[in-house]
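Here's a quick tour of one protein model, taken a piece at a time. Keep the picture open and follow along.

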Amino acid sequence: MSYEYDERRSGSETFAAALRDAVNAKDVTLSWLQRQLKARGNRVSMATLSYWRSGARRPEGAQSLAALTDIEDLLGLDVGTLTRHLRSTNRTGPLGPNQFPIDEEELEQAVIDAFQALGASYPDTSREITTHSVTDVGPDGNVAYSITRSIVQSTVGTITAIPFLEISPGIATPAPLLNAVSGGRIAARYSHPDGEVHGVLFELDLPLTAPETAMVEWSVEYPPDYPPTRETGHALAQKCRELLVWTRFHPDALPDWCEEHVETPDGVTVSPVPLTRGTSVHLVRRAFGPGALELRWGYGPRD
């Protein structure tokens with residue numbers, strides 16, 4: 001579903017008209033929309049939704065733009081159907097702290113080295129608004145393949161590329177193969193001498209000016225000589241609206257135990273996770289970060 005409007009009209013007017021038509025086409029109310037957003041972790045008031053629909057105000061800032069992504073989904077619209085009617089501003093809204101998600105100074109220095117080698121500034125000036133990380137576990141019980149999809153946002157100025165890293169704290173590995181699936185291409189690759197940090201520079205299809213957002217997707221394949229790995233997860237340097245870590249096990253390698261590891265500036269928590277939903281486990285956090293969300297698993301008694 002898409003809508004076309006006179007581009008000579010203001011961004012607020014064209015956005016408001018697009019939102020009104022989409023709500024009417026879906027035959028829902030603003031109160032229904034507000035309840036659905038709240039259930040997804042986006043607390044947008046009825047007054048704000050009413051302002052957006054009337055054109056009195058327009059979504060600005062990271063939280064509002066994240067809510068707008070959910071509104072497009074709830075109304076059955078293609079990604080960007082509403083956001084394309086918003087002209088760029090320099091506002092991103094409150095972003096929260098930007099800090100290295102793992103409490104290891106030497107590892108952070110290796111990451112800084114990787115950023116410099118890739119030609120990227122540290123810390124990164126982009127943020128992940130929504131990230132879905134999906135990992136497949138092979139018949140040997142080890143990580144075989146992963147794919148990650150993110151809505152990314154520029155927080156300052158204009159960016160043309162984003163560094164993405166694979167980190168294995170305390171374990172030296174050969175370089176996994178990181179590939180661009182959609183939204184850009186791999187412009188550079190780097191492996192740190194200690195073997196714990198490998199990364200790529202993901203060059204975007206189009207430059208991204210704050211607070212614009214884009215969809216990107218990349219995959220990771222692990223070579224035959226990669227150390228056996230029975231953990232997966234995702235780390236964030238800034239708060240993310242939603243983080244999903246979905247681990248799919250081969251039917252012949254269902255684990256005897258799984259644990260969720262969460263590391264934030266407040267510390268580390270470990271919780272058992274029962275494998276009760278078929279052959280996969282999914283972990284979800286809303287308004288999460290900075291921090292790391294991981295799943296670990298094993299076979300036989302837990303040591």
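Contact here means heavy atoms within 4.5 Å. This is a predicted model, so treat it as a computed picture.

**Helix H5 and what it packs against**

Start with helix H5, which covers residues 105-118. Does its length make sense? What span should its 14 residues have at 1.5 Å a residue? They should span 20 Å, and because the end C-alpha atoms are 20 Å apart, the expectation and the model agree.

Now look at which parts of H5 are tucked away. Its buried residues are Leu107, Ala110, Val111, Ile112, Ala114, Phe115 and Leu118. An α-helix has 3.6 residues a turn, so residues three or four places apart point the same way. The buried residues of H5 pack against strand S3 (158-167), strand S5 (184-191) and strand S6 (197-209). Right after H5 comes glycine 119, with a positive phi near 80°.

**Serine 126**

Next, find serine 126 in strand S1, residues 126-137. Is it buried or exposed? Its relative accessibility is 9%, and since buried means under 20%, serine 126 counts as buried. The side chain of serine 126 makes a polar contact of 2.5 Å with the side chain of aspartate 124. Leaving out residues up to four places away in sequence, serine 126 touches Gln153, Thr155, Ile159, Ile162 and Gln238.

**Rings meeting rings**

How many aromatic pairs does the structure hold? There are five. One of them joins phenylalanine 115 and tyrosine 122: the ring centres are 5.2 Å apart and the planes sit at 90°, so this pair is edge-to-face. Another, phenylalanine 164 with tryptophan 218, is stacked, with 3.8 Å from centre to centre and 10° between the planes. That stacked pair links distant parts of the chain: phenylalanine 164 is in strand S3 and tryptophan 218 is in strand S7 (residues 213-221), 54 residues apart. Ring pairs also bring Phe202 into a cluster with Phe164 and Trp218.

Here's how accessible the rings' residues are:

| Residue | Relative accessible area | Status |
|---|---|---|
| Phenylalanine 115 | 7% | buried |
| Tyrosine 122 | 30% | partly exposed |
| Phenylalanine 164 | 6% | buried |
| Tryptophan 218 | 7% | buried |

**Arginines over rings**

Finally, check out two arginines. Arginine 248 lies over the face of tryptophan 246, at 4.9 Å from the ring centre. Arginine 302 lies over the face of tryptophan 257, and there the distance to the ring centre is 4.2 Å.

Note on methods
Residues are numbered from 1 along each chain as its sequence is written. This is a predicted model: local features need pLDDT of at least 70, side-chain atom pairs count only at pLDDT 80 or more; totals for chains, interfaces and linings use all residues. Side-chain values use heavy atoms; hydrogens and water are left out. Helices (H or I, at least four residues) and strands (E, at least two) are DSSP runs, numbered from the N terminus. The expected span of a helix is 1.5 Å times one less than its number of residues. Buried means under 20% relative accessible area, exposed over 50%, partly exposed in between (1.4 Å probe, protein chains only). A polar contact is a pair of N or O atoms within 3.5 Å; within protein, one must be able to donate a hydrogen and the other to accept it, and residues adjacent in sequence count only if both atoms are side-chain atoms. Rings of Phe, Tyr and Trp (its six-membered ring) pair if their centres lie within 6.5 Å; planes under 30 degrees apart count as stacked, over 60 as edge-to-face and the rest as tilted. A charge sits over a ring if NZ of Lys or CZ of Arg is within 6 Å of the ring centre and within 35 degrees of the ring normal.
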